[in-house]
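Biologist: Thanks for sitting down with me. Could you bring the structure up, so that we can go through its rings and its empty spaces together?

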Amino acid sequence: MNDFAPNYNQVVVDPVTRMDHGLYSFSPLPDRPKLVWPNGAPVAISIVVNVDYGDLVTNPLNLVGYTYRDYGSRVGAFRLMGILDALGLKATMPISDVLLTEAPALVEDALARDWEFVGHGAKVNQAVTSALSEADERAYLLASATAIEAATGKRPRGWLGPTGSESAKTTQLLADLGYDYTLDWGNDDQPYDFHVPNGRLSALPYSFDTSDANVIQAQSHTPWEFEAVLEDHLKTLIRDGERSGMVMTLGLQAHVSGQPLRAKYIRSFLQKAQASGKVWFATADEIVDAWRAQT
């Protein structure tokens, strides 16, 4: 069952992948070879700053939601840039296609900082689902890569679906189109590969438990509780990473963590992570490359 499974409901367990689908193999963490990050750091952290665009045309009644999200590209992203500048850190930025032309200052400032652009779909309210035909989904995924290349001069290697959405065909199509990795999957603390007919596609795990969308928005925790969550998560990964390198993604939405009441807690966590001396801060591309060099 190394070929891509036709849908997620295929229930025949494959003896090689040991899964009820053909997307990737079952791989228990203790059985894997030791993973070593640069400088022997137990943990690699990727700061992922999502900048999303919705629209009032398709959802005219949700003015509050539109203006809240719009804050990210107008204010929040720049506030987070200032924090990362002061700490000498770079981010990986999934960005809605529309903003590549409608927010040129944001693109220019991210490029000036050598931030990494990741495909993220046209708009946040245009999710990838199995309702799309294969041809339509392929065109949708390709459009993001083309738009980013046109705006930045560089084709993106990574993908994060709007609201983390995928269809049963997405991993195969991403590999076909030349994407190297996806941030849609949060089911591990290390990168892993998908089974795809063509090319190679890896997962850089994007943990929902270290994402402001989940902890602050979905679970309604306070900003200081979010900082405590991040600290506890990192402490455990540092301990576990002494045996084999771990990955932590810090998932930030520009319109959430870029708000004045929350930004200082992001700064505080990053300062503590740096002071630990146990973290390699890297972009998503860099982490995937370091992992692939060992596999």
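Biologist: Let me begin with one side chain: does Tyr 265 count as buried or exposed?

Modeller: Happy to help, and please keep in mind that this is a predicted model. The cut-off for buried is under 20% relative accessible area. Tyr 265 has 17% relative accessibility, so this residue counts as buried.

Biologist: How many aromatic pairs does a search of the whole structure find, and how are the planes of Trp 224 and Tyr 265 arranged?

Modeller: The search of the whole structure turns up nine aromatic pairs. In the one formed by Trp 224 and Tyr 265, the ring centres are 6.0 Å apart. Planes under 30 degrees apart would count as stacked and those over 60 as edge-to-face. The planes here are at 55 degrees, so the pair is tilted.

Biologist: Which helices does that pair link?

Modeller: The two residues are 41 residues apart, and the pair links distant parts of the chain. Trp 224 sits in helix H7 (residues 223-241), while Tyr 265 belongs to helix H8 (residues 260-276). The answer is therefore H7 and H8.

Biologist: Which residues do ring pairs link into a cluster?

Modeller: Here the ring pairs join up into a group. The members of this cluster are Tyr 24, Trp 185, Tyr 192 and Phe 194.

Biologist: Now to the empty spaces: which strand gives the largest share of the lining of the largest cavity?

Modeller: The count comes to one cavity of 30 Å³ or more, and about 40 Å³ of space lies in the largest cavity. Its lining includes Asp 188, Asp 189 and His 233, along with Val 247, Met 248 and Thr 249. By class, that lining has three nonpolar, three polar and two charged residues. The largest share, three residues, comes from strand E8 (residues 246-253).

Biologist: Which residues lie closest to the centre of the largest pocket?

Modeller: The largest pocket has a volume of about 460 Å³. It is lined by 20 residues, of which eight are nonpolar, seven polar and five charged. Closest to the centre are Ser 27, Arg 32, Pro 191, Tyr 192 and Trp 291.

Biologist: And which residues are closest to the centre of the second largest pocket?

Modeller: That pocket, the second largest, has a volume of about 300 Å³. Its lining, by class, has six nonpolar, eight polar and three charged residues. Of the 17 lining residues, the closest to its centre are Thr 163, Gly 164, Tyr 206, Ser 211 and Ala 213.

Conventions:
Residues are numbered from 1 along each chain as its sequence is written. This is a predicted model: local features need pLDDT of at least 70, side-chain atom pairs count only at pLDDT 80 or more; totals for chains, interfaces and linings use all residues. Side-chain values use heavy atoms; hydrogens and water are left out. Rings of Phe, Tyr and Trp (its six-membered ring) pair if their centres lie within 6.5 Å; planes under 30 degrees apart count as stacked, over 60 as edge-to-face and the rest as tilted. Helices (H or I, at least four residues) and strands (E, at least two) are DSSP runs, numbered from the N terminus. Buried means under 20% relative accessible area, exposed over 50%, partly exposed in between (1.4 Å probe, protein chains only). On a 1 Å grid over the protein atoms alone, a cavity is a set of points where a 1.4 Å probe fits but cannot get out, and a pocket is an open set with protein on both sides within 12 Å along at least five of seven lines; lining residues have an atom within 4 Å of a point. Grid points are joined across faces, edges and corners, and a volume is the space filled by probe spheres set on the points. Ala, Val, Leu, Ile, Met, Phe, Trp, Tyr, Cys and Pro count as nonpolar, Asp, Glu, Lys and Arg as charged, and the others, Gly among them, as polar.
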